[in-house]
Amino acid sequence: MLNFGVQAMVYLIVHICALLLTWWAIQSLNLEFLFKNPKGARAKTLLILLSIAISYLVADFFLDYLNQSLYLPQIYK
């Protein structure tokens with residue numbers, strides 16, 4: 001049962017780190033020309049949703065890579 005708890009903690013940490021990294025990276029983009037009101041709530045909501053979508057893909061990639069690399073020792077059994 002501890003293994004599931006550790007796995008859940010790793011998943012949460014990876015997803016939160018990916019979200020923070022994605023949010024930090026999106027802040028460097030100059031997307032003001034895309035919005036009518038770049039300081040408005042709709043623009044900020046879109047940036048948050050974009051960060052969540054990209055961070056989900058990034059975290060899922062790293063977690064899949066981690067899971068598949070843990071199965072590699074099974075080749076030699």
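Start by selecting L49, which sits in helix α2. The model on screen is predicted. Is L49 buried or exposed? Its relative accessible area is 51%, and the cut-off for exposed is over 50%, so L49 counts as exposed.

Next, keep L49 selected and add L19, W23, I48 and I52. Together these five residues make a nonpolar patch on the surface. Their combined accessible area is about 440 Å². Two elements, α1 (2-26) and α2, each give two or more residues to the patch. Which element gives the most? That is α2, with 3 residues.

Now select the whole of helix α2, residues 41-71. Check its length from end to end. With 31 residues at 1.5 Å a residue, α2 should span 45 Å. The C-alpha atoms at its ends are 45 Å apart, so the model agrees with the expected span.

Stay on α2 and turn to its buried residues. Which are they? Select A43, L47, S51, S55, A59 and L63.

From that set, pick S55, also part of helix α2. Why does S55 count as buried? Its relative accessibility is 4%, and buried means under 20%, so S55 falls in the buried class.

Finally, show what surrounds S55. Leave out the neighbours within four places in sequence. What remains in contact with S55 is A18, L19 and T22. Pause on L19: this residue contacts S55, and L19 is also one of the residues in the nonpolar patch. End the tour with S55, L19 and L49 selected: S55 is buried, L19 belongs to the patch, and L49 is exposed.

Note on methods
Residues are numbered from 1 along each chain as its sequence is written. This is a predicted model: local features need pLDDT of at least 70, side-chain atom pairs count only at pLDDT 80 or more; totals for chains, interfaces and linings use all residues. Side-chain values use heavy atoms; hydrogens and water are left out. Helices (H or I, at least four residues) and strands (E, at least two) are DSSP runs, numbered from the N terminus. Buried means under 20% relative accessible area, exposed over 50%, partly exposed in between (1.4 Å probe, protein chains only). Contact means heavy atoms within 4.5 Å. Patches are made of residues with over 30% relative accessible area and no salt bridge: like charges are joined within 9 Å, nonpolar side chains (Val, Leu, Ile, Met, Phe, Trp, Tyr) within 5 Å. Accessible areas come from the Shrake-Rupley method with a 1.4 Å probe; for residues, only the protein chains shown count as cover. A salt bridge is a side-chain nitrogen of Lys or Arg within 4 Å of a carboxyl oxygen of Asp or Glu. The expected span of a helix is 1.5 Å times one less than its number of residues.
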